[in-house]
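Got your viewer open and a cartoon view loaded? Keep the selection box handy, and we'll walk through this one stop at a time.

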Amino acid sequence: MILSVSGLTKSYDGKDILKDISFHIEENDKCAITGINGAGKSTLLKQIIGVESPDSGYITIPKDTRMAYLSQNPDIVSGRTIYDEILSVKKDIIDMEEKLRQLEQDMQQFADCKEKLDEIYKSYSELSHRFEEENGYAIKSNVVGILKGLGFTENDFSKPVSVLSGGEKTRLSLGKLLLDEPDILLLDEPTNHLDIASISWLENYLKAYKGSVLIVSHDRYFLDRIVNKVLDIDAGKARLYTGNYTAFAEKKASLRKDMMKAYLNNQAEIKHQQEVIAKLKQFNREKSIKRAESREKLLSKIERVEKPFDIEDAMKLHFAPSCTSGNDVLYAEGLCKSFGSRELFSGVSLDVKRGEKLSIIGPNGTGKTTLLKIINGNETADSGEIQFGSKVQLAYYDQEHNVLNPDNTAFEEISDAYPDMSNTEIRNLLAAFLFTGDDVFKYIRDLSGGEKGRISLAKLMLSNANLLLLDEPTNHLDITSKEILEEAIKNYEGTVIYVSHDRYFINQTATRILELDHGHFVNYIGNYDYYLEKKEDPDFDKEKSISGYVNTASRSEIISTNENTASNSKLDYKEQKERKAKLQKLKNQLNTTEKSIEEIEAKDMELDELMQDPSIATNSAKLNEISSKKAELAVKLEKLFKLWEEQSLAIEEFENDSL
């Protein structure tokens, strides 16, 4: 065991973020930390590394264990170049190398002095052995490999750190940690600012890494390929699962299903007993009141099952075009774009049909975002033409959220864009995107990246466009929100063109992938798994796919998919109709039973009144006859009460199964 956390608790402003967290990590474990935004994932890493202190609990790490931490927004203040900055991590090795070079010069200088030369040889031999043990001969090649793997080119090596962007500094910070090779790596969103090629490189690096790794990430594809454990933080509590992300998701879904079933059964039993008690009291008979009192005692002893944590206010997202576009949505030919002497792409052609979900991928800096801006009209191509089809209505999601006014509140951002919406409608919309109470009056400039993303998605949903252009729509979204967005895009009847580095998202939503490769598009008719398969296929004709045009077969696949969706919708409607009819039948049966109970209760009351009649009170034969009838009614009533309970419970279970 290399890390043990026991009973860790942390609160901010009286609110528990982490509650009695306990888990342990073994040597070489690769463990993901998952949970919704704000669950406490980054807080847990800070507690472990010692940046913050827990309110209670213990963190145990063996003596001499080395840890290193990558925060989400690290900053490097340095006068060095990129190459020298990452190399500074191994200063002791570099000093050793310089000492060895000095000793080599000393050997030449004292070649005629045997005694001195022997002394130098001895020092050189000892230092050389240490240098080799520290893998000193491979340090510089490792530096080059790590920098290139993280997306830096050799031309970047000489750049001063001071001129780097925030994303470049994050990549450099990650590179320094990897070169340092601590026993435990703590990484907070390490794939941010990495393109797909760099993420793939990092996957392979971490899989082979000899130390332990704790990773906070929303990149499900990345986690699937690295981790062997998942620590899930849910409502402040943590549970450790064995396996990769997919195994965790399946286990958690199954566990939550069982917990929810137990909770619903418990609630159904409580509700059922409450209804029986209320009904018995309503009959207002001595026996029924005694029954009610007896059931109340039993009800008080029923153990209440706690409701499993759920995001009841999960983002509600549904894209609905106001009109259907023509079959031909977008045609572009010969698009070229350069900035100064730097050419991004040239001769790019594109033919997009209605219903396609098209993903544009490629390394950072190849012009993916620029292409979206050209389509949207924010940028102008140097040459080439773009034509839109009939009735195309376009909406654009900007990853930098420049379309949002920083001086607006969240409420004003929606009301300015859609002045016809009432205050109540705006508040309801914002609540659907997790802005409640005073959150609606937060200024855009004060929102987190994820909050800005939700506002942008809200505006996008209101646009009713039939062509969506999305630039990194999953950035800053937690996994639950990503899944909601995925479902919205899959169910969207319009056309989508998007740029994303989220391979899981691409795999779930793309019907076609366009890879920007050396300034040209390579066309892949399928999702991300298909793209990977064809990339490795020696028979795949890259040249035939270079134009980026969609072929007839792919179009028929899209039509087939849409037809299947429509067919499924019809089937769903038929099933819903049948279930509704069955539920009504159950309720009718219950009503019939209730009427029978009321009729027998009425007859029993009539018999009671007869028994009080003075003329009958002295007639023993008549009293015996009435008593026999009352006994028969009591038996019938008992059976009806039992039937009523069974029917009530059946309705409860049927309604719960429909949730």
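What follows is a tour of selections, with a short note on what to look for at each. One thing before you click: this is a predicted model.

**Stop 1: a strand with two partners**

Select residues 229-234, which make up strand 8. Is this strand mostly covered or mostly open? Mostly covered: 5 of its 6 residues are buried.

Now add residues 30-34, which are strand 3; strand 3 and strand 8 pair in the parallel sense, with 4 bridges between them. To find your place along that pairing, label Ala32 and look across to Val230 in strand 8, which stands opposite.

Next, bring in residues 237-242 for strand 9. Here the sense is antiparallel, and 6 bridges join strand 8 and strand 9. The landmark to label this time is Asp232, with Arg239 of strand 9 opposite. If you like to draw the links, remember what to show: strands of a sheet pair through backbone hydrogen bonds, either parallel or antiparallel.

Strand 8 and strand 9 form a hairpin with 2 residues between the strands. Click on Ala235 in that hairpin, and you'll find a positive phi near 55°.

**Stop 2: a lysine in that strand**

Stay in strand 8 and show the side chain of Lys229. Is Lys229 buried or exposed? Its relative accessibility is 12%, so Lys229 counts as buried; the cut-off for buried is under 20%. Which residues does Lys229 touch, once neighbours within four places in sequence are set aside? Select His24, Glu26, Asp29, Lys30, Cys31, Ala32, Leu240, Tyr241 and Gly243 to see them. Ala32, the residue you labelled opposite Val230, is among these contacts of Lys229.

**Stop 3: helix 1 and the glycine after it**

Go to residues 41-49, helix 1. Colour its buried residues: Lys41, Thr43, Leu44, Leu45, Gln47 and Ile48. Then step on to Gly50, which follows helix 1 and has a positive phi near 95°.

**Stop 4: two helices side by side**

Select residues 91-109 (helix 3) and 114-133 (helix 4). Their axes come within 10 Å and cross at roughly 155°. Angles over 145 degrees count as roughly antiparallel, so that is how helix 3 runs relative to helix 4. Rotate the view until one helix lies in front of the other, and you can check that the crossing of helix 3 and helix 4 is left-handed.

Now switch on side chains where the two helices meet. From helix 3, the residues include Ile93, Met96, Leu100, Leu103 and Met107; from helix 4, they include Leu117, Ile120, Tyr124, Leu127 and Phe131. Colour the whole contact by class and you get 11 nonpolar, 2 polar and 6 charged residues.

**Stop 5: two loop residues with positive phi**

If you keep a Ramachandran plot alongside, pick out Glu181: not a glycine, yet with a positive phi of about 55°. In the cartoon, Glu181 sits in the loop between helix 6 (166-180) and strand 6 (184-188). At 46% relative accessibility, it counts as partly exposed.

Then jump to Asn464, another non-glycine with a positive phi, about 60°. Asn464 is in the loop between helix 14 (449-462) and strand 15 (467-471). With a relative accessibility of 34%, Asn464 counts as partly exposed.

**Stop 6: a three-stranded sheet with a helix across it**

Select strands 11, 10 and 13, which form an open sheet of 3 strands in that order, with antiparallel pairing. Strand 11 (342-353) and strand 13 (383-388) are at the edges with a single partner strand each, so one side of each has no neighbour in the sheet. The twist averages 10° from one strand to the next.

Zoom in on strand 10 (residues 328-339), joined to strand 13 by 5 bridges. Label Ala332 here; its bridge partner in strand 13 is Ile386. Then add residues 368-376: this is helix 11, lying across strand 10, strand 11 and strand 13, at about 125° to strand 10.

**Stop 7: a six-stranded sheet**

Last selection: an open sheet of 6 strands in the order 14-15-16-12-17-18, with mixed pairing. Strand 14 (394-397) and strand 18 (520-524) are the edge strands, each pairing on one side only. In this sheet, the twist averages 20° from one strand to the next.

Finish at strand 17 (residues 512-517), which pairs with strand 18 in the antiparallel sense over 5 bridges. Label Asp517 and look across to His520 in strand 18, which stands opposite.

Technical notes:
Residues numbered from 1 in each chain as written. Predicted model: local features only at pLDDT ≥ 70, side-chain atom pairs only at ≥ 80, totals over all residues. Heavy atoms only, no water. Buried < 20%, exposed > 50% of the residue type's maximum accessible area, 1.4 Å probe, protein only. Contact = heavy atoms within 4.5 Å. Axes fitted to C-alpha atoms, helices over the stretch in contact; angles between N-to-C directions. Parallel < 35°, antiparallel > 145°, perpendicular 65-115°, else oblique. Left-handed = near helix turned anticlockwise from the far one by under 90°. Nonpolar A, V, L, I, M, F, W, Y, C, P; charged D, E, K, R; others polar. Pairing = 2+ DSSP bridges.
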